[in-house]
Amino acid sequence: MDGGTDQKTHPIRPEKASRQKVLYSICIYGTFFMIGWNRGLFGPSFPDIQHICQVNLKLGSWIPTTFFIGYTFGSLTGGLLERLNRKLIFGISLVILTICVAVTPWCVVFGVMIAAHVVQGFCQGVVDTIGNSEILLIWKNKRLLFFCLELMYCIGGFASPLVAAPFLMDIPANRDTPINVTTETYLPSFYNESLNNSVPGPSQQINVDRTKETIDFASTTPSSPVTFRSMIYIPYSLTAILILCISIAFLVLYFVYKQDNCTDITRQIDTKEPEDESKPIAMTKELAEPEVELKSGRSSRKLPALVQGCCLVTASGLLLFFVGIGEAFVSYLTVFCVDYLKWTPADGALITSITNICGIVSVIMSFLMTCVNTLVYAGINCGFVFLSFVGILISSIYYYEIGMWISCCVHGFFRAMVFSLIFTWINEYITPVTGKISSLFMISACFGAAVNPVMLGNIMEAFGEIWLCYGFVAEGFLVLLLYVVLVGFTRYAVKHFGKTFDKTQTYETTASVTETFIQGGDKTNEVRL
C-alpha cells in the first residue's frame with residue numbers, strides 16, 4: 001500500500017515509462033505466441049495423448065472440450081481480476097500453465113489428463129483476456145500493435161506442429177475400432193523414452209475375420225512385439241521451458257517496476273501531455289457510457305431492440321458453429337489423417353502447420369484489403385470454407401492426397417479472418433461492440449469450441465472417421481446459411497435505419513478482432529483507474 005502511495009506522489013519519468021511499456025508489451029506478445037504454440041501443439045499430439053491415457057476417440061474427445069470449458073471460466077475470471085497487479089497475474093498464471101504443460105505427457109490416468117487440460121484452458125483464458133486489454137490501454141490507437149497480437153498467435157500455431165513432428169509416434173496407436181488391420185501379432189504398450197524401457201500391457205493377438213468383419217481379441221504370447229514410441233514429452237518440455245521464461249520476465253517486471261500497472265504509467269504521461277488538447281483516454285467519462293462517442297462528438301444510431309436482437313442472435317449462432325468447426329478441425333485433423341488416410345503422424349503435423357501458415361498469410365493480406373466491403377469479404381471467406389470441406393470430403397473418399405493438401409490449405413487461408421470479420425460487421429452495420437456484446441460472442445464461441453469436438457468425436461467413434469468430413473460439410477453449410485440470414489437482417493437494418501456511423505463521422509473500424517473486442521470489453525478497465 002505504501003508503494004502505491006509513493007507512486008502517486010512521485011511522477012514517473014517519460015523515458016522510464018516508455019522503457020517499461022516496451023518491455024511489458026514484448027512479454028505480452030511472447031505470451032500470445034506461446035498460447036498459439038500450445039494450441040497448435042495439441043492437434044498433432046492428440047493421437048499420442050490418447051495412447052498415453054489408453055482411451056478411444058469417444059473418451060479422448062472430452063480433452064479439447066474440457067480445455068475450452070476451462071478457457072471460458074478463465075476468460076470470465078480475467079475480467080474480474082481488475083484490482084490485482086496485471087504483471088503478477090501474468091506471472092502466476094504462466095507458472096501454473098508451465099506446470100500443467102510439463103506434466104501432460106506423464107498423465108497416464110485419464111482423469112488427471114482432463115484436469116491438466118482444464119487448468120491449461122483456465123490459465124490461457126485469463127492471460128488472453130488481460131493481455132488484450134493491457135495492449136489496448138498501453139498503446140491506444142496504434143492499430144498495428146493490435147494486429148501483431150493476432151499475428152503472434154498465428155505464428156505460434158504454425159511453429160509448434162513442426163517442432164512436434166519428429167517426436168510423434170511412428171506407428172498409430174491401437175484404438176477400439178482399428179482400420180485395415182491384417183492378421184498379425186503385436187504388443188500395444190505405453191513407452192516414454194525417459195523411462196528407458198517400455199511398460200507392456202496385456203499381450204494380444206488381433207484376428208480379423210474378413211467375411212464377418214469382426215475383430216477377435218485373443219490372449220497369446222507375441223512372437224515379434226511392436227512398441228509404439230511416443231516422445232512428446234520433448235516438445236511439451238520445450239513448451240514448458242519457454243512459458244516459464246516468459247513468466248519469469250513478468251515477475252521480474254513486477255519486482256523491478258513498482259507501479260501497480262503499466263497502464264497507470266501511461267495515464268500519468270497522458271495526463272501531462274494529452275493529444276489534441278483533449279482529455280486523456282483513461283479519464284474520459286464517455287468510455288463508461290454504453291453509447292460509443294465518436295471523434296466528431298456524435299454518438300451512433302440506435303436500432304429497435306427486435307432488429308438488433310435478431311442480428312446479434314444470428315451472429316452468435318454463426319460464431320458458435322464456425323468456431324466449433326475450427327477447433328474440431330485443429331483437434332482431429334492429425335487423427336483423421338493417421339486413422340483414415342493412413343498417413344504418418346509427422347505428415348499429420350506437417351499438414352496442420354501448413355494450414356496454419358496459410359492462415360498467417362490471410363491475416364497479413366486482410367490488413368491490406370481495406371477497399372473490400374466487410375459483408376462481401378466475410379461471404380467470400382464463408383463460401384470458400386464450405387467449399388474446402390467439400391474438397392476434403394471428396395479427397396478423403398477417393399484417397400486423393402494432393403486434393404487433401406490443397407483443400408486444407410484453402411481452409412486455413414479462408415478460415416483465419418471470419419471470426420474478426422463478424423465483430424467488425426456488427427460494429428460497422430448493426431451496433432457498437434460493447435462489453436456485453438463481446439461477452440455474448442465470446443461465450444457463444446467458447447460453447448461451440450467445447451461442444452463440437454466431443455460431438456464429432458462420438459460420431460466418428462460410432463460411424464467411422466469419414467463422418468468427420470460429413471459433419472464438417474453439414475456444419476459448413478449451416479455457417480453459410482446463417483451468413484445469408486445475417487446479410488438479410490443487415491440489409492433491412494441499413495435500409496431503414498442506416499449504418500452504425502454515418503459517413504461524416506470519423507470513427508474507424510478494423511479487421512482485427514483483438515481491437516474490436518477490446519474496445520467494447522474493457523471500458524470498465526479504463527474508468528476504474
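How much area does the chain expose, and what share of it do carbon and sulfur atoms supply? The chain exposes about 23,200 Å², and carbon and sulfur atoms supply 66% of that area. Please keep in mind that this is a predicted model. The legends below start with the whole chain and then move to some close-up views.

**Figure 1. The whole chain, with 18 helices and five strands.** Welcome to the overview. The chain has 529 residues, and 54% of them count as buried. Take the contacts between residues at least 6 apart in sequence: 84% of these join residues at least 24 apart. The views that follow pick out a few places where you can see such features for yourself.

**Figure 2. A salt bridge between Glu327 and Arg39.** A search of the whole structure finds two salt bridges, and here is one of them. The side chains of Glu327 and Arg39 meet with an N to O distance of 2.8 Å. The pair links distant parts of the chain, as Glu327 sits in helix α10 (residues 305–339) and Arg39 in helix α2 (residues 14–53), 288 residues apart. Are these partners buried or exposed? Glu327 is buried, with a relative accessible area of 15%, and Arg39 also counts as buried, at 8% relative accessibility.

**Figure 3. A salt bridge between Arg86 and Glu134.** In this view, look for the closest N and O atoms of Arg86 and Glu134, which are 3.1 Å apart. This pair, too, links distant parts of the chain: Arg86 belongs to helix α5 (residues 86–103) and Glu134 to helix α6 (residues 110–139), with their positions 48 residues apart in the numbering. Both Arg86 and Glu134 are buried.

**Figure 4. Cysteines without disulfides.** How many disulfides does a search of the whole structure find? It finds zero. Why is Cys100 not bonded to Cys123? Cys123 holds the closest cysteine sulfur to that of Cys100, but the two sulfurs are 5.8 Å apart, so they are too far for a bond. For comparison, a disulfide needs the two sulfur atoms within 2.5 Å. Cys408 is in no disulfide either, and its nearest cysteine sulfur, that of Cys337, is 6.2 Å away. Cys100 is buried, with a relative accessible area of 10%, and Cys408 counts as buried at 0% relative accessibility.

**Figure 5. A nonpolar patch on the surface.** Nine names are worth finding here: Ile394, Ile397, Tyr398, Tyr400, Ile402, Ile406, Phe463, Trp467 and Tyr470 form the patch, with about 1,000 Å² of accessible area together. Helices α12 (374–397), α13 (401–415) and α16 (467–497) each supply at least two of the patch residues. Tyr400 is placed in the loop between α12 and α13. Its relative accessible area is 49%, so Tyr400 is partly exposed.

**Figure 6. Helix α14, enclosed by the rest of the structure.** Helix α14 covers residues 418–430, 13 residues in total. From its first C-alpha to its last, α14 reaches 17 Å, close to the 18 Å expected at 1.5 Å a residue. Of its 13 residues, 13 are buried, so α14 is largely enclosed by the rest of the structure.

**Figure 7. Helix α7 and residues from elsewhere in the chain.** Ala159 lies in helix α7 (residues 143–164), and Ile155 has its place in α7 as well. Ala159 counts as buried at 19% relative accessibility, whereas Ile155 counts as partly exposed at 31%. The C-alpha atoms of Ala159 and Asn356 are separated by 8.8 Å, although their positions lie 197 residues apart along the chain. Ile155 and Phe32 are 123 residues apart in sequence and 9.6 Å apart in space, C-alpha to C-alpha. Leaving aside residues up to four places away in sequence, Ile155 touches Phe33 and Ile360.

**Figure 8. Two loop residues with a positive phi.** Most residues other than glycine have a negative phi. Gln54 is not a glycine, yet its phi is positive, about 55°. Gln54 is found in the loop between α2 and α3 (57–60). Lys342, another residue other than glycine, has a positive phi near 65°. Lys342 lies in the loop between α10 and α11 (345–366), and it counts as partly exposed at 42% relative accessibility.

Definitions and conventions
Residues numbered from 1 in each chain as written. Predicted model: local features only at pLDDT ≥ 70, side-chain atom pairs only at ≥ 80, totals over all residues. Heavy atoms only, no water. Patch = residues over 30% accessible without salt bridge, like charges linked within 9 Å, V, L, I, M, F, W, Y side chains within 5 Å. Areas by Shrake-Rupley, 256 points an atom, 1.4 Å probe, with all protein chains shown as cover. Salt bridge = Lys/Arg side-chain N within 4 Å of Asp/Glu carboxyl O. Helix = DSSP H or I, 4+ residues; strand = E, 2+ residues; numbered from the N terminus. Buried < 20%, exposed > 50% of the residue type's maximum accessible area, 1.4 Å probe, protein only. Expected span 1.5 Å × (residues − 1). Contact = heavy atoms within 4.5 Å.
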